[in-house]
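The following exercises concern a single protein chain. Each task is followed by a solution that proceeds step by step.

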Amino acid sequence: AEAQEVTIARAIELKHKATIVSALAYETAKLYTDADDSLNSLDEKVVTKWRKYLQFKTKIYYAYAYNYHGETILAEDKCGEAIRCLQESKLNYEQSLVLGKEYSGQKGPGTTCRPHEHLFFRKLGPIVSRTLEKCVRENGFIYHQKVPPEAPALQLQATYGLVAPEEFKIPDPN
C-alpha cells in the first residue's frame with residue numbers, strides 16, 4: 001500500500017484523469033483496511049499505535065477516492081451525487097485528522113511522526129473544500145439536483161499503476 005502511495009502522488013502531480021486517481025486511492029484504502037483488520041486479533045497494547053496509523057491511512061485514501069470520484073461524477077453532470085461524494089470525502093478527511101492526532105499521541109514501538117501535518121495530507125483539505133463549494137454553487141445555479149442521503153458506492157477497479165510483486169524464480173543450476 002505504501003508503494004502505491006507514490007503512484008497516487010505522481011498521478012495527482014501529473015494531473016491524470018480523476019477516475020484513475022480515484023481508483024488508485026480506493027485500492028490503496030482497501031489495502032490499508034485489510035492490514036488494519038489483520039492486526040485486530042493481536043494484543044491491543046502492542047498494536048494500538050500501528051492500528052491508528054493504518055486507520056489514518058485508510059481514511060485519508062478514502063477521502064482522496066471520494067474527492068476524485070466526485071470530480072468524475074460532476075463531469076457527467078450528476079451534481080447532486082458529486083456533492084454527496086465530496087461530503088463523504090470531507091467527513092473522511094476530518095476523521096483522518098482526528099486519527100492522525102491520536103496516532104501522534106500514542107505510546108508504543110516505532111518512531112513518532114505527525115502524518116496529519118505532512119504536505120500530502122494538508123493539500124487535500126483545501127481541494128475538498130474548494131471542489132465541494134464549486135459543486136454546491138453549480139447545483140444552485142445550474143443543476144438543481146437533490147443530494148442523495150448516501151454516497152455512491154466506490155466500485156472502482158484500478159488497472160493502471162498498481163504495484164504488483166514480482167515472483168522470484170530460482171535460476172537453473174549450471
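## Exercise 1: The surroundings of Q106

Q106 lies in the loop that links α4 (79-105) to α5 (119-143); helices (H or I, at least four residues) and strands (E, at least two) are DSSP runs, numbered from the N terminus. The model is predicted: local features require pLDDT of at least 70 and side-chain atom pairs pLDDT 80 or more, whereas totals for chains, interfaces and linings use all residues. Residues are numbered from 1 along each chain as its sequence is written, and side-chain values use heavy atoms, with hydrogens and water left out.

Task. Determine whether Q106 is buried, partly exposed or exposed, and state which residues Q106 is in contact with, leaving aside neighbours within four places in sequence.

Solution.
1. The classes rest on relative accessible area: buried is under 20%, exposed is over 50%, and partly exposed is in between (1.4 Å probe, protein chains only).
2. Q106 has a relative accessible area of 25%, so it is partly exposed.
3. A contact means heavy atoms within 4.5 Å. With neighbours within four places set aside, Q106 is in contact with T48, K49 and K52.
4. As a distance check, the C-alpha atoms of Q106 and Y61 are separated by 22 Å, at 45 residues apart along the chain.

## Exercise 2: The chain as a whole

Task. State how many helices and strands the chain has, and what percentage of its residues count as buried.

Solution.
1. There are 5 helices and 0 strands in the chain, and the order from the N terminus is α-α-α-α-α.
2. Along the principal axes, the C-alpha atoms fill a box of roughly 70 × 50 × 30 Å.
3. The chain has 174 residues, of which 41% count as buried.
4. Among contacts with a separation of 6 or more, 77% come from residues 24 or more positions apart.

## Exercise 3: Helix α2

Task. Compare the expected span of α2 with the distance between its end C-alpha atoms, and identify what covers its buried residues.

Solution.
1. The expected span of a helix is 1.5 Å times one less than its number of residues.
2. Helix α2 (residues 18-38) has 21 residues and should therefore span 30 Å; the end C-alpha atoms are 30 Å apart, in agreement.
3. The buried residues of α2 include A18, V21, L24, A25, T28 and Y32.
4. The cover over the buried residues of α2 includes α1 (2-13) and α3 (44-75).

## Exercise 4: Helix packing

Task. Classify the relative direction of α1 and α2, of α1 and α3, and of α4 and α5.

Solution.
1. Axes are lines fitted to C-alpha atoms, for helices over the stretch in contact, and angles run from 0 to 180 degrees between N-to-C directions. Angles under 35 degrees count as roughly parallel, over 145 as roughly antiparallel, 65 to 115 as roughly perpendicular and the rest as oblique.
2. For α1 and α2, the angle is about 160 degrees and the axes are 10 Å apart. The two helices α1 and α2 are therefore roughly antiparallel. Participants in this contact include E2, I8 and I12 of α1 and V21, L24 and Y32 of α2. By class, the contact of α1 with α2 has 8 nonpolar, 3 polar and 3 charged residues, where Ala, Val, Leu, Ile, Met, Phe, Trp, Tyr, Cys and Pro count as nonpolar, Asp, Glu, Lys and Arg as charged, and the others, Gly among them, as polar.
3. For α1 and α3, the angle is about 30 degrees, with axes 13 Å apart. Helix α1 is therefore roughly parallel to α3. Here E2, E5, I8 and I12 of α1 meet Y53, K57, Y61, Y64 and Y68 of α3. That contact of α1 with α3 comprises 6 nonpolar, no polar and 3 charged residues.
4. For α4 and α5, the axes come within 9 Å and cross at roughly 155 degrees. Helix α4 is therefore roughly antiparallel to α5. The contact of α4 with α5 has 13 nonpolar, 7 polar and 3 charged residues.

## Exercise 5: Positive phi in two loops

Task. State where K15 and D77 are found, and what phi is for K15 and for D77.

Solution.
1. Most residues other than glycine have a negative phi.
2. K15 is in the loop between α1 and α2. Its phi is near 55 degrees, a positive value in a residue other than glycine. K15 counts as exposed because its relative accessibility is 72%.
3. D77 is in the loop between α3 and α4. Its phi is near 65 degrees, again a positive value in a residue other than glycine. D77 counts as partly exposed because its relative accessibility is 43%.
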